[in-house]
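Biologist: Got a minute to walk me through this fold? Let's put it on screen and go from the overall layout down to the side chains.

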Amino acid sequence: MSDPEVNLDLTGRSGPIIVQLEYRVAPQHARAFYRAMQAVRSVRRRNGAFDWSLSRDIADAELWLERDQCPTWHDYLRQRDRSTPDELDTQLHVRRYLREGSEIRLRRLLERPFGSVRWADDVPESPVTTTG
């Protein structure tokens with residue numbers, strides 16, 4: 001798996017990391033997609049994700065959002081490589097319900113809780129460096 005693009009100054013302890021996947025699913029496949037995502041939920045949780053959720057956009061019935069969290073950047077990187085062959089098949093199974101020509105869109109977000117020291121006025125932004 002290729003390394004994620006990172007344009008923030010992250011350390012292994014940076015977090016929590018929010019992982020959001022966007023799926024385009026034809027309405028006639030919505031129920032089957034939902035059932036398939038129940039198995040994906042189990043995969044994500046076994047691999048260390050928490051606060052897993054699945055949402056459907058109320059203004060765009062084809063758009064579904066899967067969202068979970070990892071405690072730290074290192075936890076996220078480890079989680080990406082933990083899936084068994086059967087779990088990878090489970091994740092691939094979901095693709096059969098995607099709208100033809102669409103791809104899953106992945107977003108990785110660094111959550112910034114209120115009161116984070118990083119955002120104090122006297123703490124300068126530093127150049128982007130990453131530690132795998």
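Biologist: What pattern does the protein follow when read along the sequence?

Modeller: Bear in mind that this is a predicted model. The secondary structure comes to 3 helices and 4 strands. Read along the sequence, these elements give β-α-β-β-α-α-β.

Biologist: And in which order do the 4 strands sit in the sheet?

Modeller: The sheet is open, and its pairing is antiparallel. Neighbouring strands in it are turned by 15 degrees against each other on average, ignoring direction. As for the order, it goes β2-β3-β1-β4.

Biologist: Which strands stand at the edges of the sheet?

Modeller: Look for strands with a single partner, so that one side has no neighbour in the sheet. That picks out β2 (50–56) and β4 (105–110).

Biologist: Take β4, then. Which residue of β4 does Ile18 stand opposite?

Modeller: β1 covers residues 17–24 and pairs with β4 in the antiparallel sense, over 6 bridges. Across from Ile18 in β4 you'll find Leu109.

Biologist: Over at β2, what is the bridge partner of Arg56 in β3?

Modeller: β2 and β3 are joined by a hairpin through 6 residues. The two strands run antiparallel, with 5 bridges between them. In β3, the partner of Arg56 is Trp64.

Biologist: On to the inside. Which element supplies the largest share of the largest nonpolar core?

Modeller: That core has 22 residues, and those with the most contacts inside it are Tyr23, Phe33, Met37, Trp73, Tyr76 and Val94. At least two residues each come from β1, α1 (30–46), β3 (63–70) and α2 (73–80). The largest share is 6 residues, and it comes from α1.

Biologist: Phe33 is on that list. Which residues is Phe33 in contact with, leaving aside neighbours within four places in sequence?

Modeller: Phe33 is among the core residues with the most contacts inside the core. Setting those sequence neighbours aside, the contacts of Phe33 are Tyr23, Val25, Leu54, Trp64, Val94 and Tyr97.

Biologist: How much of the protein's contacts with a separation of 6 or more comes from residues 24 or more positions apart?

Modeller: Take just the contacts with a separation of 6 or more, and ask how many link residues at least 24 positions apart. The share is 76%.

Biologist: Last one: what share of the exposed area do carbon and sulfur atoms supply?

Modeller: Of the 132 residues, 36% are buried. The protein exposes about 8,800 Å², and the carbon and sulfur share of that is 50%.

Definitions and conventions. Residues are numbered from 1 along each chain as its sequence is written. This is a predicted model: local features need pLDDT of at least 70, side-chain atom pairs count only at pLDDT 80 or more; totals for chains, interfaces and linings use all residues. Side-chain values use heavy atoms; hydrogens and water are left out. Two strands pair if DSSP finds at least two bridges between them. Axes are lines fitted to C-alpha atoms, for helices over the stretch in contact, and angles run from 0 to 180 degrees between N-to-C directions. A nonpolar core is a set of buried Ala, Val, Leu, Ile, Met, Phe, Trp, Tyr and Cys residues joined through side-chain atoms within 4.5 Å. Buried means under 20% relative accessible area, exposed over 50%, partly exposed in between (1.4 Å probe, protein chains only). Contact means heavy atoms within 4.5 Å. Accessible areas come from the Shrake-Rupley method with a 1.4 Å probe; for residues, only the protein chains shown count as cover.
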